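The following exchange examines how the labels applied to a structure follow from computed values and stated cut-offs.

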Amino acid sequence: TKPSEVTPAILMKSYACQRRTPLKHHNSVLTDALEILALNAEFTKNEGRSVAFRRAASVLKALPRGVRTMDDLKDLPCLGEHSLRVIKEILDAGTSSEVEWTRQSEQFQAMKALTGVFGVGVRTADRWFREGLRNHLDLIHKSQKLNRAQEAGVQYYNDLNTPVTKKEAMVITVIVEKAVNDVLPGAIITLTGGFRRGKEVGHDVDFLITHPDEGAEEKLMPKIVNWLEDQGLLLYQKTTRNSYLENKDGPARPACNMDRFERCFSIFKLERSKLDSDTRIEDSSYNSGVTDGTQTHSGSTWRAVRVDLVVSPYSQFAFATLGWTGSKLFERELRRWAGQEKGMSLSSHALYDSKQQRYLPANSEEEIFTLLGLEYIPPSERNA
Ligand code: TTP
Ligand code: MN
Ligand code: MN
Ligand code: MN
């Protein structure tokens, strides 16, 4: 063999949960393109297609170097005909006509804008699109009927679409720790979601809360919420109680990806002075400026930040931590691996072994990976 032919083969495992996927990788041009198509497939309710594009993008994120020719993709898993066609077009011409066309289409832009409103999912956005609405301002001007979440979504639209920084996440962590330890001393608070994976910014801040005494965490959320409300820290909150034991089919029902923990979707009112005491703005008239129904946030003394709080019993804490750390594709792949390769069913509550017909307990994420027959992947490499 000539030296030029000895390109070292990359051994790429086919499940994302078998691979290390760092936050920063070498193929963002390609993965951004594939993720546009994935998002568009989601918008048009084509789940299978969407996952296929996301898996393809995820494989490229795990590559140790940038793709330059189609030869670099030899023997890689999860790259379907459609994804390969898009990649080839970008390698040859710099852009993909399908991606550019999608990006600029009226439907894609409207769906992106409408689902960008807190409380609006694909189904609602799609209905509104067909009724002629195009963005969040149309929701006000055409006096659309909105639920409480969507009202808040419109009101704080600008803030909620401004990425949350790590610094803001840290300030909120301190607040949440204070609240939780005030109402239940000894409770454990973990930052989960994207920030646990090392992201620099996020669309929200996610927390998981537990207590070493099993049962001590019951009904904890209303107490936390009351504490936060008393301090004037909440602009919006919706608490859902734990429904895990209400499920007659038994826990960890494999078809259901939504977990049943006691949880709170909230919007925090974050004082900017807490972020940087040197640039404190004393003028209290700032937040009064309302023009078109959305908050004008330039010069405001505070800003709105989405925060997710989840409470888990101690015995489920490892599963909850794994389930709430993400990424979403990594979670999906973990469950697929468990089901298809191990005959097990994984949820954010438990791991069930169908062959043994019993639950397999675990006290740490490491133990769960071992039970699943997987090499441990740390949070910073779960950015699939
Ligand atoms: P997100 O906060 O939606 O995503 P993220 O933190 O990875 O990214 P971002 O920076 O945009 O916030 O979800 C965090 C994790 O929580 C995700 O891995 C899936 C999990 N999750 C559940 O388990 N159940 C749920 O109902 C939701 C909404 C999320
Ligand atoms: Mn690298
Ligand atoms: Mn998050
Ligand atoms: Mn979240």
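Q: What makes the manganese ion (ligand 4) and the manganese ion (ligand 3) a linked pair, and which residue coordinates both?
A: In this predicted model, the manganese ion (ligand 4) and the manganese ion (ligand 3) are 3.6 Å apart, and Asp204 coordinates both. The model is read with local features at pLDDT of at least 70 and side-chain atom pairs at pLDDT 80 or more, while totals for chains, interfaces and linings use all residues; side-chain values use heavy atoms, without hydrogens and water. Residues are numbered from 1 along each chain as its sequence is written, and chains are lettered from A and ligands numbered from 1 in the order in which they are written.

Q: How do you know which residues are donors of the manganese ion (ligand 4)?
A: A donor is an N, O or S atom within 2.8 Å of the metal (3.2 Å for Na, K and Ca). Asp204 (OD), Asp206 (OD) and Asp308 (OD) coordinate the manganese ion (ligand 4) at 2.1 to 2.2 Å, so they meet the 2.8 Å limit. Along the chain, these donors follow the spacing D-x1-D-x101-D.

Q: Which protein donors does the manganese ion (ligand 3) have?
A: Asp204 (OD) and Asp206 (OD) lie 2.0 to 2.1 Å from the manganese ion (ligand 3). Water is not among the atoms, so sites may look incomplete.

Q: Why are Asp204 and Asp206 called buried or exposed?
A: Buried means under 20% relative accessible area, exposed over 50%, and partly exposed in between (1.4 Å probe, protein chains only). Asp204 has 6% relative accessibility and therefore counts as buried. Asp206, at 7%, is likewise buried.

Q: Which residues are closest to ligand 1?
A: A residue is near a molecule or strand if one of its heavy atoms lies within 4 Å of it. Ligand 1 is surrounded by 16 residues, the closest being Gly194, Lys199, His203, Asp204 and Lys328.

Q: What makes the approach of His203 to ligand 1 a polar contact?
A: A polar contact is a pair of N or O atoms within 3.5 Å; within protein, one must be able to donate a hydrogen and the other to accept it, and residues adjacent in sequence count only if both atoms are side-chain atoms. A polar side-chain atom of His203 lies 2.7 Å from an oxygen atom of ligand 1. For Arg197, the distance from a polar side-chain atom to an oxygen atom of ligand 1 is 2.9 Å. The side chain of Asp259 has an N or O atom 3.4 Å from a nitrogen atom of ligand 1.

Q: Where is Thr210 found, and which backbone atoms does its side chain reach?
A: Thr210 is found in strand β4 (residues 205-210), where helices (H or I, at least four residues) and strands (E, at least two) are DSSP runs numbered from the N terminus. Its side chain reaches the backbone oxygen of Ser312 at 2.7 Å and the backbone nitrogen of Tyr314 at 3.3 Å. With 0% relative accessibility, Thr210 counts as buried.

Q: How do you know that strand β6 pairs with β5 and β7?
A: Two strands pair if DSSP finds at least two bridges between them. Strand β5 (residues 234-240) and β6 share six bridges in the antiparallel sense, and Gln237 has Ser266 in β6 as its bridge partner. Between β6 and strand β7 (residues 302-311) there are 10 bridges, also antiparallel; Arg263 is bridged to Val310 in β7. Seven of the 10 residues of β6 (residues 262-271) are buried.

Q: Why is the pair of Phe369 and Tyr376 called edge-to-face?
A: Rings of Phe, Tyr and Trp (its six-membered ring) pair if their centres lie within 6.5 Å; planes under 30 degrees apart count as stacked, over 60 as edge-to-face and the rest as tilted. The centres of Phe369 and Tyr376 are 5.1 Å apart and their planes stand at 85°, so the pair is edge-to-face. Phe369 is buried at 0% relative accessibility, whereas Tyr376, at 24%, is partly exposed. Ring pairs link Phe330, Phe369 and Tyr376 into a cluster.

Q: How do you know that Cys17 forms no disulfide?
A: A disulfide is a pair of cysteine sulfur atoms within 2.5 Å. The closest cysteine sulfur to that of Cys17 belongs to Cys78 and is 11 Å away, too far for a bond. Across the whole structure, the search finds zero disulfides.
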